[in-house]
Amino acid sequence: MSKVIYLDQNHWITMARARYAPEKIQKAEEREAATALWELAATGQVRLPLSMAHLVETAHRGLKSSRRRLARAMLDGYGGWHMLNPLVVRRYELVGAFSGTKLTATDVFTTAANSPFFNHTPPISVAAPTAAHRPDGLPWQVAWASALLEDTLSPEELATSNAVIERWAATLSTLAQYMRDHPGDRDIRLVTAAHMLGDQGRDIAQALLIAGISSENASALLNEETVVDFFARLPFNGGVLEITQARLRNASDK
C-alpha cells in the first residue's frame with residue numbers, strides 16, 4: 001500500500017523547483033530529496049494529496065508564472081488524492097467520539113469528489129474507491145486543475161478572507177493577554193478545553209444529535225472533570241488542544 005506524504009506549501013515549492021528550476025534549490029540534500037520523492041510518486045509508492053489549504057495558498061500567489069509552475073507540479077504529483085477539509089475531520093471525529101464510529105486515514109485521504117470542501121460528508125470507516133473506479137473522478141480532477149491554474153482572489157475577496165482569519169485568531173490573542181494580565185491559580189488545559197468547547201459548539205451539538213445523545217447525558221460527557229480528557233484522546237482535537245495550550249501560554253506569540 002502506498003504511503004501518504006502530506007507536503008506543506010513550502011515543500012511543494014521545492015518540488016516545483018526540482019522539476020522546473022533545480023538551480024534555485026541551494027541545498028543539495030533538498031534537491032536530492034525532491035528528486036527522490038518525484039520518483040516515488042511516479043511509481044505509485046507514495047501519494048502526495050492536496051488540500052483546500054493548498055488551493056487557497058496557491059490562489060494567493062496571483063497568476064504569476066511561478067504560480068503556474070507550482071500548480072503544474074502539484075497536478076503532476078497528486079494523482080487525484082485529497083485531504084479532507086480540517087473542519088470536516090474535526091466534525092466527524094466528534095461524531096465518532098459520541099457514536100462509536102472512527103474516522104480513519106482511509107477516510108481522511110481520499111479520491112472522493114468535493115472532499116477538500118467543508119460540506120463534504122465522508123463514508124466513515126468505509127474504504128474509498130480509487131479515482132479509476134469513480135465515474136466522477138476525471139471531471140473532478142479537471143475542475144481541480146482549472147482552479148489551481150486559473151482561480152485567484154480579487155483584492156476585495158482577499159481582504160474579506162484575511163479579516164475572517166484575523167477575527168478568529170484575535171480570540172486566542174485576547175484570551176492569552178487576559179491570562180497574562182490576570183495571573184492566578186488556573187488549570188491552563190482546562191481553560192484551553194473550555195475555549196475549544198465554545199469554538200466548536202455547533203459541531204458538538206450536531207454530533208450529539210447524530211449520536212442521539214440528550215442534553216442531560218451530554219452534560220455528563222462534557223463537564224469540568226471530563227472535557228480535557230475528551231479532547232485529548234481524539235487524534236485531531238488532541239493536537240488542537242496541545243497547540244492552543246501552547247499559544248495561550250505565550251501572550252506575545254503571533
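How do the residues of the lining of the largest pocket divide into nonpolar, polar and charged? In this predicted model, the split is 21 nonpolar, 7 polar and 6 charged.

That pocket is a good place to start. The largest pocket has a volume of about 1,300 Å³. Its lining is made up of 34 residues, and those closest to the centre are N85, P86, L87, I165 and W168. Looking at it by element, two or more lining residues come from each of α3 (52–59), α5 (86–99), α8, α9 and α13 (235–249).

Two of those elements, α8 and α9, also pack against each other. Helix α8 covers residues 155–181 and helix α9 covers residues 188–199; their axes come within 12 Å and cross at roughly 150°. Angles over 145 degrees count as roughly antiparallel, so α8 and α9 are roughly antiparallel to each other. The crossing of α8 past α9 is right-handed. On the α8 side, the contact uses W168, T171, L172, L175 and M179, and these meet I188, V191, H195 and D199 of α9. Sorted by class, the residues of this contact come out as 6 nonpolar, 2 polar and 1 charged. W168 turns up twice in this picture: it is among the residues closest to the centre of the largest pocket, and it is one of the α8 residues that meet α9.

Next comes the second largest pocket, which holds about 310 Å³ of space. Its lining counts 16 residues, with V89, E93, L103, P235 and F236 nearest the centre. Both α5 and α13 supply at least two residues of this lining, and α5 provides the largest share, 6 residues. By class, the lining of the second largest pocket has 11 nonpolar, 3 polar and 2 charged residues.

How do α5 and α13 themselves sit, roughly parallel or roughly perpendicular? Their axes come within 8 Å and cross at roughly 115°. Angles of 65 to 115 degrees count as roughly perpendicular, and α5 and α13 are therefore roughly perpendicular to each other. In this contact, P86, V89, R90, E93 and L94 of α5 meet P235, F236 and N237 of α13. The residues involved divide into 5 nonpolar, 1 polar and 2 charged. Several names here are familiar from the pockets: V89, E93, P235 and F236 are among the residues nearest the centre of the second largest pocket, while P86 is one of those closest to the centre of the largest pocket.

A further helix pair involves α1 and α4. Helix α1 (residues 9–20) packs on helix α4 (residues 65–78) at an angle of about 95°, with the axes 9 Å apart. That makes α1 and α4 roughly perpendicular to each other. From α1, the contact takes in Q9, W12, I13, A16, R19 and Y20, and from α4 it takes in R69, L70, R72, A73, M74, D76, G77 and Y78. The class breakdown for this contact is 8 nonpolar, 2 polar and 4 charged.

Definitions and conventions
Residues numbered from 1 in each chain as written. Predicted model: local features only at pLDDT ≥ 70, side-chain atom pairs only at ≥ 80, totals over all residues. Heavy atoms only, no water. Axes fitted to C-alpha atoms, helices over the stretch in contact; angles between N-to-C directions. Helix = DSSP H or I, 4+ residues; strand = E, 2+ residues; numbered from the N terminus. Parallel < 35°, antiparallel > 145°, perpendicular 65-115°, else oblique. Left-handed = near helix turned anticlockwise from the far one by under 90°. Contact = heavy atoms within 4.5 Å. Nonpolar A, V, L, I, M, F, W, Y, C, P; charged D, E, K, R; others polar. 1 Å grid on protein atoms, 1.4 Å probe; cavity = no way out; pocket = protein on both sides within 12 Å on 5 of 7 lines; lining within 4 Å. Points joined across faces, edges and corners; volume = space filled by probe spheres on them.
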